[in-house]
There are 2 protein chains.
Amino acid sequence: MTDTKTAILDSAERLFAARGVDGVSVRAILAEAGVNVALAHYYFGSRDGLIRGVLRRRIEPLNAERLRLLDEVEAAAGPDGPPVEPVLRAFFAPAIDLLGEHPDFARLIGQLHVASAPALRQLFLELFDVVLRRFSDAIKRSLPAGLSGPQIVSRAHFMLGTLILTLTNYSDLALMARGRFEVPRGEMLVRELVTFCSAGLVAPPEGRAPASP
Amino acid sequence: MTDTKTAILDSAERLFAARGVDGVSVRAILAEAGVNVALAHYYFGSRDGLIRGVLRRRIEPLNAERLRLLDEVEAAAGPDGPPVEPVLRAFFAPAIDLLGEHPDFARLIGQLHVASAPALRQLFLELFDVVLRRFSDAIKRSLPAGLSGPQIVSRAHFMLGTLILTLTNYSDLALMARGRFEVPRGEMLVRELVTFCSAGLVAPPEGRAPASP
DNA sequence: GTCTATAAAAGGATAGAC
DNA sequence: GTCTATCCTTTTATAGAC
């Protein structure tokens with residue numbers, strides 16, 4: 001049964017998200033999956049192999065979809081390249097889809113971005129290197145002239161931060177809403193991200209003019 | 001010697017930042033500090049107590065400074081309350097100061113924001129509850145009319161995300177710069193954060209108008 | 001306050017039967 | 001593929017001498 005393998009991955013995903021990658025033992029994962037202790041090593045070789053398996057299962061399709069959308073956006077653009085909004089949308093939308101379908105895993109992706117453990121940092125680079133490079137190039141091209149290098153990298157980094165905290169702490173939105181309204185999700189959440197970040201990215205370097213003298 | 005206590009806190013701060021709170025044993029911390037294994041329990045009672053000690057030492061002054069600045073900004077404002085920029089500045093500046101003086105600890109704060117372990121989540125609420133509530137109220141008041149509740153909480157959350165990722169992954173900026181320029185820090189970094197986030201917060205709900213028909 | 005020594009538990013990993 | 005049993009290491013925590 002390859003079903004056992006899936007059961008292990010599912011339990012690992014849930015528990016890693018709930019307690020952090022370093023906060024869960026392999027034994028606990030297998031217990032939750034109702035699977036014998038020896039089978040994690042049988043299927044994944046080691047604890048690290050299990051972690052890689054959990055991450056790869058969903059990150060590879062995520063990256064593929066992001067790159068597919070970016071290719072589309074760039075193909076449809078003129079010689080100056082696409083404007084910033086559709087580029088951001090190609091970056092955000094697949095991640096927000098994942099947040100809707102596999103919220104536990106979305107938390108994991110965010111945690112991987114801020115992880116300290118050297119092995120996880122390395123894995124992060126392996127998994128996201130191409131995507132981050134292609135999108136950061138596309139975003140740079142789409143920004144107005146007059147921004148300095150430091151401003152561009154800062155803003156690109158801030159943009160990433162909005163997504164990462166949304167992936168890790170999406171449930172905080174419901175707390176902040178305190179039942180007074182529905183929290184945005186799916187397409188609406190993508191739209192909020194694009195609006196916020198494109199405004200931030202293209203803002204004039206000096207910021208808003210003061211209210212009035 | 002209360003110096004021993006400080007040595008333990010310093011080593012814990014450094015190692016927690018380098019490997020994650022769950023990735024370091026108390027023994028490793030004490031070894032790095034050159035301190036006997038038994039002394040962590042003598043001073044802090046337990047592993048959890050040590051974590052609390054590390055966090056409290058710097059978060060309490062950080063919060064106090066943030067609230068002091070917010071009080072100032074609100075006292076100087078008219079009856080409609082202060083505009084969004086100085087409120088953001090009061091929130092960001094003390095954190096960026098901390099990033100300059102104790103970069104390891106800044107990483108820790110960020111990790112605490114996205115932490116999964118229930119004990120850490122609880123501690124996070126204890127430590128930041130008042131500050132987050134006061135600032136989110138001030139920011140809400142400063143936003144233009146016409147934003148819906150979901151839009152307001154989303155944007156406030158995005159704003160927090162820009163800061164958190166800056167605290168946890170500040171060193172990524174240097175990687176992105178690849179030696180071509182100096183990465184912003186201190187006052188300049190605060191200015192970038194304020195510019196990006198105030199533009200995002202006050203953006204019209206529909207986003208930028210498309211380029212031209 | 002600082003040390004040694006040790007208890008008690010948990011975790012990763014594997015051997016070998018079925 | 002799945003199971004039991006076991007090994008080895010690491011870790012938290014504490015007792016008690018100095």
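Author: A polar contact is a pair of N or O atoms within 3.5 Å; within protein, one must be able to donate a hydrogen and the other to accept it, and residues adjacent in sequence count only if both atoms are side-chain atoms. In this predicted model, local features need pLDDT of at least 70, side-chain atom pairs count only at pLDDT 80 or more, and totals for chains, interfaces and linings use all residues. Residues are numbered from 1 along each chain as its sequence is written, chains are lettered from A and ligands numbered from 1 in the order in which they are written, and side-chain values use heavy atoms, with hydrogens and water left out.

Reader: Which phosphate oxygen distance goes with the side chain of B:Tyr43?

Author: An N or O atom in that side chain is 2.9 Å from a phosphate oxygen of DNA strand C. The side chain of A:His41 also places an N or O atom 2.9 Å from a phosphate oxygen of strand C. For B:Thr4, a polar side-chain atom lies 3.2 Å from a phosphate oxygen of this strand.

Reader: Which elements give two or more residues to the surface near strand C?

Author: First, the terms. Helices (H or I, at least four residues) and strands (E, at least two) are DSSP runs, numbered from the N terminus. A residue is near a molecule or strand if one of its heavy atoms lies within 4 Å of it. Here the elements are helix H2 (26–33) of chain A and helix H3 (39–44) of chain B. H3(B) has the largest share, 3 residues.

Reader: Which residues come nearest to strand C?

Author: There are 13 residues around it, and A:Arg27, A:His41, A:Arg47, B:Asn36 and B:Tyr43 come nearest. Of the strand C atoms within 4 Å of the protein, 54% belong to sugar or phosphate, and the rest to bases.

Reader: How do I read the residue classes?

Author: Ala, Val, Leu, Ile, Met, Phe, Trp, Tyr, Cys and Pro count as nonpolar; Asp, Glu, Lys and Arg as charged; the others, Gly among them, as polar. The surface near strand C has 6 nonpolar, 5 polar and 2 charged residues.

Reader: Which residues are closest to DNA strand D?

Author: A:Asn36, A:Tyr43, B:Arg27, B:His41 and B:Arg47, out of 13 that surround it. Sugar and phosphate make up 57% of the strand D atoms that come within 4 Å of the protein.

Reader: What does B:Arg27 contact on strand D, a base or a phosphate?

Author: A base oxygen: a polar side-chain atom of B:Arg27 lies 3.0 Å from it. B:Arg47 has a side-chain N or O atom 3.0 Å from a phosphate oxygen. B:Val26 uses a polar backbone atom, 3.2 Å from a phosphate oxygen.
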